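Thanks for asking me to look this one over. My notes follow as numbered points, and I hope they are handy while you have the coordinates open.

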Amino acid sequence: MSLSGLEMVMERASVGRRAVLAGLAAGALAGCGRAAALGSGGHTAASAPSPSPAMAGTGTAHTSPSAVATATAASTPSVAPGPSRAEVVARYGELRPDYWGFGGPGVVRDLHTTRRVIALTFDACGGPGGSEYDEALIKFLRQRRVPATLFLNSRWIDENPAVFRQLRGEPLFELANHGTRHLPLSVTGRSAYGIGGTRDAGEVYDEVATNQVKLTRLLGTPPRFFRAGTAYSDDVAAQIVTAMNVSLVTFSVNGDGGATFTPEEVHSTVAAAPAGSIVLCHMNHPRGGTAEGIAAAVPPLAASGYRFVRLSDGLS
Ligand SMILES: [Zn+2]
């Protein structure tokens, strides 16, 4: 059975109807920049990451200032045993997808619990228009000691090396993979929000592996989690990510509508997040409503007994 993206969105009971409609109207999860997703190519990957779990902030914290740029410029060497690009193409290259959306086989959409825990996740999408840094948001999370998972795109890391090095050293934050070119994950080039997706199994591999290898080098351990640009994937692409020993994560609450929501909309949406939610917001739009909305929503949730967790802690 094939569901359209809109149907998949509307299926999510935990996403308020008003928020969903507002998000769709304004570009929803594509708030990271359409043009950006069509940008740089030249990505080759030689190997998949290892399956060992990653904990943010526990990696190498003393890399030289040039390390980020150095790793960026390098080709993508093998860092651990795993399926090669050729093996992925051989195994999945002929499979046709029959699903497109935020679910699919093996996809993590929530924390699978009714305990009062919420995982706040913030995407840094990179590319033109998407490489800014919401310092006020991160400052609030630090001051309130609110753990969060930060999904970083390769291009955002390149544009924010000093911020990256700082975040990397903070156990409060778990760093995760938000792709190399920020593409919807498709084996047929399917689009989401006007952004053309990866075109085949090999490009799915490249989109995940290139930034995975980069982050593994920079963190010292491979990130456990990957979220595609726009969060869309098909079922074959989802299988590929799983085969690469990475958990494909989407969301259960669209917290900031692709960074298009007002502070009040972010506040009301996040404040209504049910237990076990994975909330998707952005950390690359400092002039959006995310920081103010999160700052308004978190204290009352905490006061009513909700605990905030990084994904590795919420899914362990
Ligand atoms: Zn994004």
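1. A cut-off to begin with: a residue counts as buried when its relative accessible area is under 20%. Ala231 has a value of 4%, so it is buried. Ala231 sits in the loop that links strand 7 (225-226) to strand 8 (233-234). Its backbone deserves a look, too: phi of Ala231 is near 75°, a positive value in a residue other than glycine. Please keep in mind that this is a predicted model.

2. Ala259 makes a good companion case. Although Ala259 is not a glycine, its phi is positive, at about 65°. The loop in question runs between strand 10 (253-254) and helix 11 (263-271). Is Ala259 buried or exposed? Its relative accessibility is 14%, and the cut-off for buried is under 20%, so Ala259 counts as buried.

3. Now the overall picture. The chain holds 13 helices and 12 strands. Of its 316 residues, 58% count as buried. The exposed area comes to about 11600 Å², with carbon and sulfur atoms supplying 54% of it. Among contacts in the chain with a separation of 6 or more, 83% are between residues 24 or more positions apart.

4. On to a helix pair. Helix 5 (residues 85-92) packs against helix 9 (residues 201-219) at an angle of about 140°, and their axes are 8 Å apart. Angles over 145 degrees would count as roughly antiparallel, and the angle here is about 140°, so helix 5 and helix 9 are oblique to each other. Their crossing is right-handed.

5. Which residues in helix 5 and helix 9 meet? Helix 5 brings Arg85, Val88, Val89 and Tyr92, while helix 9 brings Ala201, Gly202, Glu203, Tyr205 and Asp206. Sorted by class, this contact of helix 5 with helix 9 has 5 nonpolar, 1 polar and 3 charged residues.

6. Just ahead of that helix, Thr198 lies in the loop between strand 6 (195-196) and helix 9. Thr198 has a relative accessible area of 0%, so it is buried. Setting aside residues up to four places away in sequence, Thr198 touches the run Leu183, Pro184, Leu185, Ser186, Val187, Thr188, Gly189 and Arg190, and also Glu203, Val204 and Glu207. Glu203 also appears in the contact of helix 9 with helix 5.

7. Further along, Asn211 lies in helix 9. A relative accessible area of 0% puts Asn211 among the buried residues. Beyond its neighbours within four places in sequence, Asn211 is in contact with Leu152, Asn153, Ser154 and Ile157, and with Asn177, His178, Gly179 and Thr180.

8. His178 is worth following up from there. Where is His178 found? It belongs to the loop between strand 4 (173-177) and strand 5 (191-192). With 1% relative accessibility, His178 counts as buried. Leaving out neighbours within four places in sequence, its contacts include Asp123, Ala124 and Cys125, then Phe151, Leu152 and Asn153, as well as Asn211. Phe226, Arg227, Ala228 and Gly229 are also in contact with His178. As for Leu152, it is 26 residues from His178 in sequence, yet the two are 4.8 Å apart in space, C-alpha to C-alpha. Leu152 is a contact of Asn211 as well.

Conventions: Residues are numbered from 1 along each chain as its sequence is written. This is a predicted model: local features need pLDDT of at least 70, side-chain atom pairs count only at pLDDT 80 or more; totals for chains, interfaces and linings use all residues. Side-chain values use heavy atoms; hydrogens and water are left out. Axes are lines fitted to C-alpha atoms, for helices over the stretch in contact, and angles run from 0 to 180 degrees between N-to-C directions. Helices (H or I, at least four residues) and strands (E, at least two) are DSSP runs, numbered from the N terminus. Angles under 35 degrees count as roughly parallel, over 145 as roughly antiparallel, 65 to 115 as roughly perpendicular and the rest as oblique. A crossing is left-handed if the near helix is turned anticlockwise from the far one by less than a right angle, and right-handed if clockwise. Contact means heavy atoms within 4.5 Å. Ala, Val, Leu, Ile, Met, Phe, Trp, Tyr, Cys and Pro count as nonpolar, Asp, Glu, Lys and Arg as charged, and the others, Gly among them, as polar. Buried means under 20% relative accessible area, exposed over 50%, partly exposed in between (1.4 Å probe, protein chains only). Accessible areas come from the Shrake-Rupley method with a 1.4 Å probe; for residues, only the protein chains shown count as cover.
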